[in-house]
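Good morning, colleagues. Please take a moment with the sequence and the structure on the screen before I begin.

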Amino acid sequence: DIATTNRQQNTPNLAHLPPTRIDTIAVRGRVGSKVLRTLPVQRRSDREGRTFSRRAETELSSGVKLRVDDWRGYLEAVVEFSIPRLLTGSNRHGASLFEAHEVIAGVYEEVSECVDWQCYPEDLELMRLDLLRDFQARKDEARLLLMGLACIPASRARTATETANGSAAIQTLYRKTERWLARLYDRSGVCDEGGEVTTLRYELQLRSPA
């Protein structure tokens, strides 16, 4: 039989690549009604004035974003934050899986001052996960790489690009679907290695279905 595609199922050798790291994460868990007494609540009503959903949002001093809603029929809190920013004040470098577990446990305790959790930290549902991988490259090669990749069509994802201010050079390349968003961008000026070297960051943002 002749294969209908030239794709191979060989497992890639990733030993020589830098490790995948974590940046932003969002988790959801069930909470009690205490939060409705401590946070300003937005109520949505139908034409007859009957309340059918409630929602509250705030940002904690640490930078953690907290949202509470009942769109599933019961109150849940969604907590979103950048793990490396909470650890070091910057997302220059991503966090490890071990660090992520530690930070989530700490955020759970912090948020418990605003909400009365009805679940344990290990029961929180993962809603968003941003995975990072950084590469160093010559600045001229990085620009050519972004331009070349932008010209390759993606049959199952939408493609978008952003250019640097005052330049036609591509700064960020996006691939998007309903379940994930991938971007590859030049971090010159943010994480500049000096000289002719720059950092390219690949960021994969996964939503709960993925």
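Is strand β8 largely enclosed by the rest of the structure or largely open, and why? Please note that we are looking at a predicted model. Strand β8 spans residues 170-176, and 5 of its 7 residues are buried, so the strand is largely enclosed by the rest of the structure. Buried here stands for a relative accessible area under 20%.

Let me turn to the pairing of this strand. On one side of the discussion is strand β7, residues 158-163, which pairs with β8 in the antiparallel sense over 6 bridges. Within that pairing, A160 has Y174 of β8 as its bridge partner.

Strand β9, residues 180-186, also pairs with β8, in the antiparallel sense and over 5 bridges. Here R175 has A182 of β9 as its bridge partner. Strands β8 and β9 form a hairpin, with 3 residues between them.

I now move to the chain as a whole. The protein chain holds 4 helices and 10 strands. Read from the N terminus, the order of elements is β-α-β-β-β-β-α-α-β-α-β-β-β-β.

As for burial, 36% of the 210 residues in the protein chain are buried. The accessible surface of the chain comes to about 13500 Å², and carbon and sulfur atoms account for 49% of that surface.

Finally, the contacts. Among those in the protein chain with a separation of 6 or more, 57% are between residues 24 or more positions apart.

To return to the opening question: strand β8 is largely enclosed, because 5 of its 7 residues are buried. Thank you for your attention.

Conventions:
Residues are numbered from 1 along each chain as its sequence is written. This is a predicted model: local features need pLDDT of at least 70, side-chain atom pairs count only at pLDDT 80 or more; totals for chains, interfaces and linings use all residues. Side-chain values use heavy atoms; hydrogens and water are left out. Buried means under 20% relative accessible area, exposed over 50%, partly exposed in between (1.4 Å probe, protein chains only). Helices (H or I, at least four residues) and strands (E, at least two) are DSSP runs, numbered from the N terminus. Two strands pair if DSSP finds at least two bridges between them. Contact means heavy atoms within 4.5 Å. Accessible areas come from the Shrake-Rupley method with a 1.4 Å probe; for residues, only the protein chains shown count as cover.
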